[in-house]
Amino acid sequence: LFCKKVKFQDFFKAYVNIVSYIALFAIILFMLWMVAAPVVRLFPSITNESGIRYYFAGLGFVEELNFGVLPRMYGIFREPGVFTCYLILALIMELYFTEQLNIRAVLIISLAAILTFSTAAYILVSILLVGYFTKQLFGSSHKNKKVFRLLIALVILIMTVFLLIGPEKIFGIVFNKLKVENSSRDSRFGSISANVQIFLESPMLGKGWEYVEDKFVYFASLGTYRGAHNTNTFLKILAIYGVAFFICMIVTTYIFFKKESRSIYWGIFLTIMWIVTLSNEDMSVNILFYLFPFYALENNRKNERIICENISD
């Protein structure tokens, strides 16, 4: 119903604008915490069951941390990894779905992703930016001045962040989790093995929601990585519904990205990027996961209707 009533171009423009405003507010809140923490402490606070306090400032919140520890960016979301998913999607839309590059939006979204200190964010933002500049370098017959301005601005922005915070501190937060045992790493890798094992029990029809929710921790405990959270969206869908529905979701997602990027190769590239993005968090009950396949189906339905009308004329 949503895809029938709202054109995708209208949706994606609104989405990028909204995410950009949330990201800008999160950046301001982060900077305010770094230079004037007492001001942030004036905002309403809440303490969770683990004893961690958060300060809520309307369009975002920040975590109370000990002196010298960097706060991670949450935006309005339950954790930085979820915020990363929304930021990565906005970056894909801004870089690959429009010919009118908005440098300010790209810089805000990229900076927000950097300040989440999410491992997935650093990897995905780097690949998407390299892919975009490669696309512009080899895919355009003329050189766009905006592209060069964006490249220079990104270099300055990244260097500034790394110089102010320190490369060792940033890389320690972002990549050390890959070297030592921790729940974040185990959940990501454990989700792969556990979902595949569940899928193999019933490849065609899957095992259903209840079984996957109840048995995931058990199957995760059988592997090397014993994560307690199922964070791989596509593989969770594979385990729940089986191979037919999984292939349907992959194919329709690809059709969507191919159409919006106007390229078979970039459609494949963006589909892979989206799959990797959703391997970071469980978005299986999030509307964004289903929105793009439905936009792909709706576009095909419109094309069929136009062809039929032309034939009848």
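**Exercise 1.** Is Cys3 buried or exposed?

*Solution.* The structure is a predicted model, and the accessible area is computed from it. Step one is to recall the cut-off: a residue counts as buried when its relative accessible area is under 20%. Step two is to take the value for Cys3, which is 9%. Cys3 is therefore buried. The rule applies to Cys85 as well: its relative accessibility is 1%, so Cys85 counts as buried. As a last step, consider disulfides, for which two cysteine sulfur atoms must lie within 2.5 Å. The count for this model is zero disulfides.

**Exercise 2.** Determine where Ser20 lies and which residues it touches.

*Solution.* Begin with the secondary structure: Ser20 belongs to helix H2, which covers residues 8-35. Next, consider accessibility: the value for Ser20 is 11%, so this residue counts as buried. Finally, list the contacts, leaving out residues up to four places away in sequence: Ser20 touches Ala105, Ile108 and Ile109.

**Exercise 3.** Describe the surroundings of Thr231.

*Solution.* First, locate the residue: Thr231 sits in the loop between helix H10 (208-221) and helix H11 (233-241). Second, classify it: with a relative accessibility of 5%, Thr231 is buried. Third, examine its contacts beyond four places in sequence, which include Ser187, Arg188, Ser191 and Ser279. Fourth, compare sequence with space for one of these pairs: Thr231 and Ser279 are 48 residues apart in sequence, while their C-alpha atoms are 5.9 Å apart.

**Exercise 4.** Which residues form a nonpolar patch on the surface together with Ile268?

*Solution.* The patch consists of Ile264, Tyr265, Ile268, Ile272 and Val276. Together they have about 510 Å² of accessible area. Ile268 is placed in helix H13, residues 264-277. Its relative accessibility is 41%, and partly exposed means between 20% and 50%, so Ile268 counts as partly exposed.

**Exercise 5.** Summarise the protein as a whole, including the confidence of the model.

*Solution.* Start with the elements: the protein has 14 helices and three strands. Of its 313 residues, 48% are buried. The accessible surface comes to about 16,700 Å², and carbon and sulfur atoms account for 65% of it. Turn next to contacts between residues at least 6 apart in sequence: 68% of them join residues at least 24 apart. Lastly, assess confidence: the average pLDDT is 86, and 88% of the residues score at least 70. Residues 304-312, however, have a pLDDT below 50, and this stretch has zero contacts in the model beyond near neighbours in sequence.

Notes. Residues are numbered from 1 along each chain as its sequence is written. This is a predicted model: local features need pLDDT of at least 70, side-chain atom pairs count only at pLDDT 80 or more; totals for chains, interfaces and linings use all residues. Side-chain values use heavy atoms; hydrogens and water are left out. pLDDT is the predictor's confidence in each residue, from 0 to 100. Contact means heavy atoms within 4.5 Å. Patches are made of residues with over 30% relative accessible area and no salt bridge: like charges are joined within 9 Å, nonpolar side chains (Val, Leu, Ile, Met, Phe, Trp, Tyr) within 5 Å. Accessible areas come from the Shrake-Rupley method with a 1.4 Å probe; for residues, only the protein chains shown count as cover. A salt bridge is a side-chain nitrogen of Lys or Arg within 4 Å of a carboxyl oxygen of Asp or Glu. Helices (H or I, at least four residues) and strands (E, at least two) are DSSP runs, numbered from the N terminus. Buried means under 20% relative accessible area, exposed over 50%, partly exposed in between (1.4 Å probe, protein chains only).
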